[in-house]
Amino acid sequence: MSKMILRLPLRERKKQSIQTSILQSAKLLFQEKGYSAVTVSEIADSADVSVKTLFTYFRSKEDLAFQDEILFCDELIRCLLARKETDSLFEAFKQFLWNLIQSIDPEVLIESLPGFHPWMDSPDLEQRYLLLWEHYEIRLADALQLDSDKNEFNPILRVISAQMISVIRILGSKAFKEYLQPIPIALRHRALEKWLLGSLQMLSGIQGYSNTKK
């Protein structure tokens with residue numbers, strides 16, 4: 001039986017196209033000039049939209065700088081909540097990270113790790129970058145709380161969320177990318193895999209939590 005292919009309405013496709021254009025223009029400008037040197041007007045001009053239109057899609061220049069990280073958190077939450085009924089949170093998290101690193105081309109491994117873009121070195125983004133990880137923890141803990149089908153607050157889920165995010169925070173840090181830099185390209189994936197397996201062995205809080213969807 002043939003499957004019906006669903007497409008978004010034209011208006012929604014146009015909205016997505018405009019949003020993508022704005023984001024790509026911002027990233028290119030941030031990469032080229034640095035975050036602080038780029039104005040909202042420049043981003044709007046590059047995307048061929050008005051400043052008013054830009055603010056329809058993004059609340060601030062900071063939101064543009066961190067949009068990839070917001071989407072990454074969304075993807076992490078989706079993968080954990082969509083785990084198999086017999087899979088624990090730890091198994092789902094491990095699979096998510098393994099799939100992530102295996103999907104990255106070794107030639108651009110350092111540039112493609114989530115969590116840190118070169119323009120995030122800007123002092124203007126320092127506080128927002130620190131808050132990013134706290135927001136990750138809160139969003140993830142809230143999602144796991146809803147997934148548990150229990151009304152009472154479970155502080156263990158906040159600890160589990162913090163442990164998960166600690167791995168991603170290190171993975172996406174500037175220091176970790178500098179650690180990988182001197183390693184030959186052909187060996188970077190192996191070094192990353194070894195680090196990931198070692199890090200996951202340390203996450204006793206997640207491994208000890210047997211929450212499956214049974």
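**A walk from Arg128 through an all-helix model**

Let us start at one arginine. Leaving aside its neighbours within four places in sequence, Arg128 is in contact with Glu62, Asp63, Phe66 and Ile70. The model you are looking at is predicted, so please read the distances that follow as computed from that model. Arg128 sits in helix 8, and two of its contacts are acidic residues worth a closer look. Between the side chains of Arg128 and Glu62 there is a polar contact of 3.1 Å, and the side chain of Asp63 is also in polar contact with that of Arg128, at 2.9 Å.

What kind of interaction do the side chains of Glu62 and Arg128 meet in? They form a salt bridge, with an N to O distance of 3.1 Å. Side chains of opposite charge can pair when their charged atoms come close. Glu62 belongs to helix 4 (residues 61-65) while Arg128 belongs to helix 8 (residues 126-147), so this pair ties together parts that are 66 residues apart in sequence. Glu62 has a relative accessible area of 27% and is therefore partly exposed, because that class lies between the buried limit of 20% and the exposed limit of 50%. The pair also belongs to a wider arrangement: Arg59, Glu62, Asp63 and Arg128 are linked in a network of salt bridges.

Now step back to the whole protein. It has 12 helices and 0 strands, so if you follow the chain from the N terminus, every element in the run is an α. The C-alpha trace spans about 50 × 50 × 40 Å along its principal axes. Of the 214 residues, 41% are buried. Sequence separation is worth a look too: among contacts between residues at least 6 apart in sequence, 73% join residues at least 24 apart.

The domain assignment divides the protein into domain 1 (9-58) and domain 2 (60-207). Their C-alpha centres lie 26 Å apart. How many residues of domain 1 are in contact with domain 2? The answer is 14, and they meet 12 residues on the side of domain 2. Together the two domains bury about 1,300 Å² between them, with carbon and sulfur atoms giving 69% of that area. On the domain 1 side, the residues that lose the most area to domain 2 are Phe30, Tyr35 and Phe58, which together account for 48% of what that side buries.

Polar interactions cross this boundary as well. There are 7 residue pairs in polar contact between domain 1 and domain 2, counting pairs with both residues at pLDDT 80 or more. Three elements give two or more residues to the side of domain 1 that touches domain 2, namely helix 1 (10-33), helix 2 (40-47) and helix 3 (51-57). Helix 1 gives the most, with 6 residues. By class, this side of domain 1 has 11 nonpolar, 2 polar and 1 charged residues. The two domains also share 1 salt bridge. Asp68 and Lys27 form a salt bridge in which the closest N and O atoms are 3.0 Å apart.

Charged pairs turn up elsewhere too, and a search of the whole structure finds 11 salt bridges. One of them joins the side chains of Lys33 and Glu42, at 2.4 Å from N to O. Are these two residues buried, exposed or in between? Lys33 counts as partly exposed because its relative accessibility is 37%, and Glu42 is partly exposed with a relative accessible area of 26%. Another salt bridge brings together the side chains of Glu137 and Arg158, with N to O at 3.6 Å. This pair links distant parts of the chain, since Glu137 lies in helix 8 and Arg158 in helix 9 (residues 155-171), 21 residues apart. Arg158 has a relative accessible area of 32%, so it too is partly exposed.

Our last stop is a backbone detail. Where does Asp48 lie? You will find Asp48 in the loop between helix 2 and helix 3. Phi of Asp48 is near 60°, a positive value in a residue other than glycine. Most residues other than glycine have a negative phi. Asp48 is exposed, with a relative accessible area of 71%.

Definitions and conventions
Residues numbered from 1 in each chain as written. Predicted model: local features only at pLDDT ≥ 70, side-chain atom pairs only at ≥ 80, totals over all residues. Heavy atoms only, no water. Domains from an automatic or database assignment. Contact = heavy atoms within 4.5 Å. Buried area = accessible area lost by both parts, 1.4 Å probe. Salt bridge = Lys/Arg side-chain N within 4 Å of Asp/Glu carboxyl O. Polar contact = N/O pair within 3.5 Å; in protein donor to acceptor, adjacent residues only side chain to side chain. Helix = DSSP H or I, 4+ residues; strand = E, 2+ residues; numbered from the N terminus. Nonpolar A, V, L, I, M, F, W, Y, C, P; charged D, E, K, R; others polar. Buried < 20%, exposed > 50% of the residue type's maximum accessible area, 1.4 Å probe, protein only.
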